[in-house]
Amino acid sequence: MKISYKWLKEYIQLDESPEEVAKILTQTGLEVGSLEEVETIKGGMKGLVIGEVVSCEKHPDSDHLSKTTVNIGTGELLPIVCGAPNVAAGQKVVVATEGTTLYMGDDEFTIKKSKIRGEISQGMICAEDEIGIGSDHEGIIVLEDSVRVGTPAKDYYQVESDWMIEIDLTPNRIDGASHIGVARDLAAFLGKTKKMEYTRPSVDGFKADNHKLEIPVEIGTPEACKRYAGVTISGVEIKESPDWLKNKLRVIGHTPINNVVDITNFVLFETGQPLHAFDADKITGKKVIVKTLPSGTKFTTLDEVERELHENDLMICNAEEGMCIGGVFGGIKSGVKDSTKNIFLESACFDPVYIRKTARRHGLNTDASFRFERGTDPNGVIYALKRAALLIKELAGGTISSEIVDVYPQPVEDYKVELSFANVTRLIGKDLGSEQIKNILASLEIKIEREDEKGLSLLVPPYRVDVQREADVIEEILRIYGYNNVEIPSVVTSSLQYAEQPDINQMRNLVSEMLTAQGFNEIWSNSLTKSGYYEGLRQYSGEQTVKLLNPLSAELNGMRQTLLFGGLEAIAYNANRQNKNLRFYEFGNCYFFKGTALKEHPETNYREEEHLALFATGNKTEENWAEKEAPATFFSIKTYAENILKKLGINPEQLQISEPGNELFDEGLQYQLNNKTILQMGIVAKKWLKKFDIENPVYYADLDWGRIIPEKRKHKIVFEELPKFPAVRRDLALLIDKSVKFSQIKESAFKVERQILRNVNLFDVYEGKGIPADKKSYAVSFILRDDSRTLKDKQIDKTMKKLLSAFERDFGAQLR
């Protein structure tokens with residue numbers, strides 16, 4: 001939200017500098033994001049001067065260029081090559097001299113001395129769009145003959161300097177989305193130390209001049225339109241706005257269009273109330289109906305885009321068809337044009353949910369929808385309408401040709417709030433006194449209905465959509481009193497709370513520090529995601545997606561069921577910026593819908609789980625002089641994931657291991673504890689990599705944090721002294737079927753020998769030359785140790801024979 005400092009001072013007498021005003025606004029909750037000195041025309045027209053074309057002749061080497069000499073009052077004629085078809089000798093023109101920077105939208109360029117088709121050019125004769133005063137590029141600007149040569153263009157066009165205050169408006173503070181709204185907050189804050197009030201321009205002079213153009217209004221969808229008012233103005237002349245109006249709009253970044261449209265925009269930024277002007281002669285049947293139209297109805301908006309309406313899109317219609325998408329965007333047929341003579345001026349209060357959904361559906365974000373989505377003041381409708389009607393009468397002529405038509409089916413009442421003085425002191429931490437509290441409330445236009453020694457009964461105006469509870473009122477009192485005015489207490493009070501063990505936050509930090517030390521970076525992805533990711537999946541089906549009723553966009557219309565897609569988005573973002581060697585981890589919640597929504601206790605139909613995700617892609621080691629680069633593999637992610645389990649006291653070797661059996665992986669493993677999956681990991685399926693335009697393989701592990709943490713509680717640290725007797729290693733090279741897994745060999749070995757077998761490890765796998773096609777060779781090591789005595793060869797050989805016999809019996813293994 002952009003605020004002009006000079007414009008603001010029209011409603012409140014300010015002695016404070018722009019910097020001081022910005023500081024005050026931030027203290028009161030209207031955080032200022034930037035403060036910038038600006039001109040009403042970008043660049044301030046520096047380097048632009050009024051000149052006279054002394055001579056003009058055709059360029060000898062071009063059919064569309066002209067050679068001119070221009071007098072700019074310096075005593076020296078400038079040679080300028082011009083491409084405009086309307087340039088002629090004797091014209092007074094705007095000249096950009098050498099070194100001048102011109103701005104066209106977001107683009108800028110600097111005028112330099114150059115040769116154009118062999119002819120020297122030391123400047124440029126400008127068109128409207130090139131100096132920021134309009135959009136016309138058909139020819140150069142030709143001024144009246146009375147303009148003095150050498151006059152700076154900034155003086156001719158009365159370019160003003162101002163300060164632009166940009167407020168980072170939070171969704172709850174839509175009351176601050178106007179100059180009057182900001183003035184109201186400043187008056188409340190400054191009024192604590194001096195007499196300070198803000199004023200609104202008077203509309204007492206409003207009255208109907210005649211009744212020759214009456215247009216009735218009907219609200220067919222009252223749940224979507226709380227109030228709708230309109231008035232007609234006849235005999236207007238559509239023309240350029242006066243400089244004062246154009247300058248105000250330019251300072252806050254808006255391009256002037258014509259007097260009527262500029263007035264509606266001016267009143268919007270002055271009061272916060274959106275308005276819309278219709279060409280009254282285009283209102284078929286001379287009747288306005290506020291209603292929805294059937295789904296699929298075609299409608300062309302002002303930007304010449306044909307849109308297909310939804311059955312819940314609120315439309316402003318005439319007797320036959322839609323004229324405007326209510327509160328969002330106007331239609332191409334009924335808008336104000338240069339030929340318009342009679343207008344119907346609209347001021348309304350629409351339901352925020354209807355407007356927000358319509359704006360999202362059509363991908364539209366306008367100044368009007370921005371305000372209606374957050375809630376406008378139903379009681380400010382008439383003031384804004386009168387204000388705009390009087391300005392149109394003043395600047396466009398014509399007469400007010402009807403009384404105001406005001407359809408307000410159910411007037412919105414003030415919010416009733418009970419305020420306790422004791423709660424004010426308790427929450428603020430300081431006794432402000434009842435008088436100061438009442439003064440602050442009065443400055444915020446919160447009325448006191450009743451009071452006693454304990455507190456106040458309040459009536460909060462509807463434009464404060466965020467102030468409906470006692471705590472909200474106390475926050476209002478505090479922000480005006482000033483957070484910095486509450487002293488730091490000399491005594492700190494605290495309460496002791498029993499921390500549940502194990503401490504979940506401590507566990508997160510423990511694992512985070514371990515992963516960070518291993519080269520991982522933590523990511524935070526949005527829990528809102530695209531529900532289309534889950535369509536057609538089995539484990540994460542689309543039916544399980546928690547879908548939003550009023551999504552911000554089609555890309556954020558559901559809650560995530562897995563952390564995978566957010567991680568892939570982060571990987572794709574980094575890979576597209578030449579950062580391809582990545583290791584990420586993320587702690588985050590996943591959400592599941594369990595069935596049909598219930599009217600009673602609907603929360604039981606939803607499930608929320610915390611998960612930990614690990615991602616690895618690209619190279620695990622960078623190329624350097626000491627070692628070659630090595631790509632990440634499945635075993636990289638497996639090691640990281642299993643180390644986390646070990647850190648939390650869970651032995652991976654004691655878990656049931658199987659294939660994950662879902663569509664996220666091409667290959668992988670699933671670890672279960674007590675028949676519950678606690679870890680899935682593998683190579684992300686190629687179809688997902690293709691969907692996110694990721695070239696390198698991605699290895700992903702998903703740990704169910706909610707299931708793992710309870711197991712941590714059962715883990716006890718046991719001390720065991722170092723063995724006194726040495727261990728012995730023996731190796732076997734086994735020829736086995738390809739279907740046999742190492743985990744089966746390990747399990748069989750421990751069944752055969754429980755006393756002295758300490759560890760079994762696979763250190764080589766071979767398939768190829770000399771090995772049958774259906775076989776593979778495992779090189780397995782066995783660590784043997786007796787804690788009571790030194791092992792002898794006879795006992796070792798006996799144990800190894802038992803193991804080999806078991807492998808031959810169970811797996812048909814052969815010793816190579």
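This passage describes confidence, a sheet, salt bridges and backbone angles in a predicted model.

Residues are numbered from 1 along each chain as its sequence is written, and side-chain values use heavy atoms, with hydrogens and water left out. Because the model is predicted, local features need pLDDT of at least 70 and side-chain atom pairs count only at pLDDT 80 or more, whereas totals for chains, interfaces and linings use all residues. The pLDDT, which is the predictor's confidence in each residue on a scale from 0 to 100, averages 91 over the chain, and 98% of the residues score at least 70. Among the elements of the chain, the highest mean pLDDT, 97, belongs to helix α10 (residues 381–396), and the lowest, 84, to helix α18 (residues 705–713). Where pLDDT is low, the predicted coordinates should not be read in detail.

Helices (H or I, at least four residues) and strands (E, at least two) are taken as DSSP runs and numbered from the N terminus, and two strands are said to pair if DSSP finds at least two bridges between them. On this basis, seven strands form an open sheet with mixed pairing, in the order β28-β31-β32-β38-β37-β36-β35. The edges are occupied by β28 (521–522) and β35 (656–658), each of which has a single partner strand, so that one side of each is left without a neighbour in the sheet. At the β35 edge, the pairing with β36 (residues 665–673) is antiparallel and runs over three bridges, with Q656 standing opposite Q672 in β36. Helix α14 (residues 504–517) packs on the sheet and touches β31 (582–593) and β32 (606–617), its direction making about 145 degrees with that of β31. Here contact means heavy atoms within 4.5 Å, while axes are lines fitted to C-alpha atoms, for helices over the stretch in contact, with angles running from 0 to 180 degrees between N-to-C directions.

With a salt bridge defined as a side-chain nitrogen of Lys or Arg within 4 Å of a carboxyl oxygen of Asp or Glu, the count comes to 48. Their surroundings are described by relative accessible area, where buried means under 20%, exposed over 50% and partly exposed in between (1.4 Å probe, protein chains only). In the salt bridge between K46 and E39, the closest N and O atoms are 3.4 Å apart; K46 is exposed at 54%, and E39 is partly exposed at 25%. D185 and R173 form a salt bridge with an N to O distance of 2.9 Å, linking helix α5 (residues 179–190), which holds D185, to the loop between β12 (161–167) and α5, which holds R173 twelve residues away. Both D185 and R173 are buried. E586 and R560 likewise meet in a salt bridge, at 3.4 Å from N to O, which joins strand β31 to the loop between β30 (558–559) and α15 (564–575) across 26 residues. E586 is buried, with a relative accessible area of 1%, and R560 is buried at 6%. Salt bridges that share partners connect R173, D175, D185, R464, D466, E476 and R479 in one network.

Positive phi values were also found in residues other than glycine, including E445, with phi near 65 degrees, and Q578, with phi of about 60 degrees. E445 lies in the loop between α12 (434–443) and β26 (447–451) and is partly exposed at 29% relative accessible area, whereas Q578, in the loop between α15 and β31, is exposed at 68%.
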